[in-house]
Amino acid sequence: METLNPKIDPAILTAQASTRSDDVPVIVMFGDRDQLQAFHRQGTRSRSGLSAGHLGTVLPWSATRMRRTDVHALADNDTVRSIWYDALCTTCLDRAGLELGAPRIWEDWGLYGSGTVVGIADTGLDQTHPDFEGRVAGVRDFTPRPAEGDPDGHGTHVSSLAAGSGAASNHRYVGVAPRAHILSARVLNFGGAGRMSRVMAGLEWLVDSGAQVLNLSVGTDINMVGEDPLSALCNTLSDQGTVIVAAAGNSGPRPQSIGSPGSAARVITVGATDGMGMVASFSSRGPTQQGLLKPDLLAPGYNIVGARAAGSQLGDVVDQNHTIMSGTSMAAPLVSGLVLLMREQQPELTPAEIKALLQLNCRSFNLPTTIQGAGLLDGWAAVHSLMPEPLPGSEPVPARPDEETGSPAEVPDRHEPQGCLGARVARLFQWLRPMA
């Protein structure tokens, strides 16, 4: 086992073993500012063109990137007090992404969804929203009454959770794959409803247009056998190499409440956790009528902040560009975004392999599979499973604490599911509220 210089943060070795890059970000602490300035003038690795980055103004520190051999050599320098892993301190993503592990994936492996395309079959997309600028690969309306953008707002919110850039929030609310391109098929109308055939037409167009991952935050309100046309199409597309992520639905806690396409065998069916990290009461339960153990896994789905379409009042409005929604419709795109990161790292992974990797990296609540599936997804662990093995004797990087992203007053304590059928039910309550 390697003897570690006590000046070196052990997390550096773990980061070096996990990353694809030759170097990792570090913070070097010096004895005084004169030593810091000397280090800055000399550069840490002048031969390769890398030098000191940010310099401390209150304490004598410098941020840079270093190879493993350089870290050990620098630790032997008498002017150096200590060398630390430059860990990520983030407020750029809603708690959902933090819980899923997205910021650690970006930091540790530099995966952002570059070169990938997600297809969203939903109520449309507000292309004018800053979070999608320059990354909309195509839109098409399959509804009988075409409309510009996303009058409903559900599809824009869902799209931002999978692949929003966070530009409208100074990168506070960022999608899991913020550099992925988006294809949007409008298959549901303003009321959040649409025929199954329109959904199927939209899926075919998305795949023909180049989508590698399909997100379906839609579903029927009955438990279909799993051999219905939409489920059959999803299974076929999966067999052909497209990963399909579907919301379980918001008809829980009633058993056998997962409708199509969540009831399809080969899709990744996602249930939701609540604000306390447990299975949300509204999250639909299995098994399916054909006896499949669904959902497949869980992801955060309570009070999720995402993009607000222009003019939409859906959800609990935060500001001009953001709104809060709850439901399995919110959980599904978080998983879709993670799948984009996995496909960026290993494009050859099959849908079955991706589904297995996700389920193998879940935290169980020790509940029946028909309630929790494999459990709450650990996105960082799922991506880590694709990476080289860590060095012998190295310790895992500890999970970073979930920092507060605002006071409780900024996030209303609302939990109505607003995906799938929940969108229509929530809007009905909004209409009736002034009459009460």
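This briefing looks at a pair of crossing helices and a small sheet with a helix packed on it. Keep in mind that the structure is a predicted model. The helix pair is helix 9 with helix 10, and the sheet is built from three strands.

**Two helices that cross**

- Start with helix 9, which spans residues 328–345, and helix 10, which spans residues 351–360.
- Their axes come within 11 Å of each other and cross at roughly 115 degrees.
- If you are wondering about handedness, the crossing of helix 9 and helix 10 is right-handed.
- On the helix 9 side, the contact is made by V335, L338, V339, M342 and R343.
- Helix 10 contributes P351, I354, L357 and L358 to this contact.
- Sorted by character, the residues of the contact comprise eight nonpolar and one charged, with no polar ones.

**A three-stranded sheet**

- Next, find the open sheet, where the strands lie in the order 11-13-12 with antiparallel pairing.
- Strand 11 (304–307) and strand 12 (316–319) are the edge strands, each pairing on one side only.
- On average, neighbouring strands in this sheet are turned by 35 degrees against each other, ignoring direction.
- Strand 12 is joined by three bridges to strand 13 (residues 322–325), and the two run antiparallel.
- To see a bridge for yourself, look at V317, whose partner in strand 13 is T323.

**A helix on the sheet**

- Helix 6, residues 154–163, packs on the sheet and touches strand 11 and strand 13.
- The direction of helix 6 makes about 105 degrees with that of strand 11.

Conventions:
Residues are numbered from 1 along each chain as its sequence is written. This is a predicted model: local features need pLDDT of at least 70, side-chain atom pairs count only at pLDDT 80 or more; totals for chains, interfaces and linings use all residues. Side-chain values use heavy atoms; hydrogens and water are left out. Axes are lines fitted to C-alpha atoms, for helices over the stretch in contact, and angles run from 0 to 180 degrees between N-to-C directions. Helices (H or I, at least four residues) and strands (E, at least two) are DSSP runs, numbered from the N terminus. A crossing is left-handed if the near helix is turned anticlockwise from the far one by less than a right angle, and right-handed if clockwise. Contact means heavy atoms within 4.5 Å. Ala, Val, Leu, Ile, Met, Phe, Trp, Tyr, Cys and Pro count as nonpolar, Asp, Glu, Lys and Arg as charged, and the others, Gly among them, as polar. Two strands pair if DSSP finds at least two bridges between them.
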